[in-house]
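Student: Could you take me through this model a piece at a time? I'd like to work out where things sit before we get to contacts and empty space.

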Amino acid sequence: MRYITITTWELADGADYDVALRAIEKKRLPALKGFGASRITVVRTSERTSAAITEWPDRATRDAAELKIDEVRRSVKREDQSRMTGEMKGEIVADV
């Protein structure tokens, strides 16, 4: 069954959103795809915040990537001046 993670992110005060987005597109998104994600959508939710919706083929694929994802998250704070503010995850139970 397909599995989704939704993470929320906040840029540091004064950071340039467009610069951060380019870094995300260059590093984070390809990394997630390399770990097995089938689709990633980034939604800008305010001037300094975003949500990343990542779809995985199943929970086992996401769980297998957990340690690698944690490494990427640690480097993100240093590299693009953002911090994760929340995470939700679960199996897709309805899809229209």
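Student: Which strand does Leu-11 lie in?

Tutor: Keep in mind that this is a predicted model, where local features need pLDDT of at least 70, side-chain atom pairs count only at pLDDT 80 or more, and totals for chains, interfaces and linings use all residues. Residues are numbered from 1 along each chain as its sequence is written, and side-chain values use heavy atoms, with hydrogens and water left out. Helices (H or I, at least four residues) and strands (E, at least two) are DSSP runs, numbered from the N terminus. On that scheme, Leu-11 lies in strand S1.

Student: Is Leu-11 buried or exposed?

Tutor: We call a residue buried under 20% relative accessible area, exposed over 50%, and partly exposed in between (1.4 Å probe, protein chains only). Leu-11 has a relative accessibility of 6%, so the verdict is buried.

Student: What separates the C-alpha atoms of Leu-11 and Met-84?

Tutor: Look at the sequence first: the two are 73 residues apart along the chain. In space, the distance between their C-alpha atoms is 9.0 Å.

Student: And Val-19, is that one buried or partly exposed?

Tutor: Val-19 lies in helix H1. Its relative accessible area is 46%, so Val-19 is partly exposed.

Student: How far apart are the C-alpha atoms of Val-19 and Asp-80?

Tutor: Along the chain, Val-19 and Asp-80 are 61 residues apart. Their C-alpha atoms are separated by 8.1 Å.

Student: Where does Glu-47 lie?

Tutor: Glu-47 is exposed, with a relative accessible area of 64%. To find Glu-47, go to the loop between S2 and S3.

Student: On to charges. How many salt bridges does a search of the whole structure find?

Tutor: A salt bridge here is a side-chain nitrogen of Lys or Arg within 4 Å of a carboxyl oxygen of Asp or Glu. Searching the whole structure with that rule, the count is 8.

Student: Which residue meets Glu-55 in a salt bridge, at 3.1 Å?

Tutor: The two side chains meet at 3.1 Å, N to O, with Arg-2 as the partner of Glu-55. Glu-55 lies in strand S3 (residues 49-56) and Arg-2 in the segment before strand S1 (3-11), so the pair ties together parts that are 53 residues apart in sequence. Glu-55 is buried at 16% relative accessible area, while 32% makes for a partly exposed Arg-2.

Student: Which other side chain meets Arg-2 in a salt bridge, at 2.6 Å?

Tutor: This N to O distance of 2.6 Å is between Arg-2 and Asp-95. The pair links distant parts of the chain, with Arg-2 in the segment before S1 and its partner in the segment after strand S4 (82-91), 93 residues apart. At 55% relative accessibility, the exposed partner is Asp-95.

Student: What is the N to O distance in the salt bridge of Arg-62 and Glu-66?

Tutor: Arg-62 is buried, at a relative accessible area of 1%, and Glu-66 is partly exposed at 24%. Their side chains meet, N to O, at 2.3 Å.

Student: Which residues do salt bridges that share partners join into one network?

Tutor: Start from Arg-2, which meets Glu-55 and also meets Asp-95. The network is therefore, with the salt-bridge rule of a Lys or Arg nitrogen and an Asp or Glu oxygen, made of Arg-2, Glu-55 and Asp-95.

Student: Now the empty space. What is the volume of the largest cavity?

Tutor: On a 1 Å grid over the protein atoms alone, a cavity is a set of points where a 1.4 Å probe fits but cannot get out, and lining residues have an atom within 4 Å of a point. Grid points are joined across faces, edges and corners, and a volume is the space filled by probe spheres set on the points. The search finds 1 cavity of 30 Å³ or more. The largest cavity has a volume of about 280 Å³.

Student: Which residues are closest to the centre of the largest cavity?

Tutor: The lining has 26 residues. Closest to the centre are Thr-7, Trp-9, Arg-28, Leu-32 and Ala-52.

Student: Which element gives the largest share of that lining?

Tutor: S1, H1 (17-34), S2 (39-44), S3 and H3 (66-80) each supply at least two residues. The largest share, 6 residues, comes from H1.

Student: Last one: which residue lies over the face of Trp-9?

Tutor: A charge sits over a ring if NZ of Lys or CZ of Arg is within 6 Å of the ring centre and within 35 degrees of the ring normal. At 4.3 Å from the ring centre of Trp-9, the residue is Arg-28.

Key: On a 1 Å grid over the protein atoms alone, a cavity is a set of points where a 1.4 Å probe fits but cannot get out, and a pocket is an open set with protein on both sides within 12 Å along at least five of seven lines; lining residues have an atom within 4 Å of a point.
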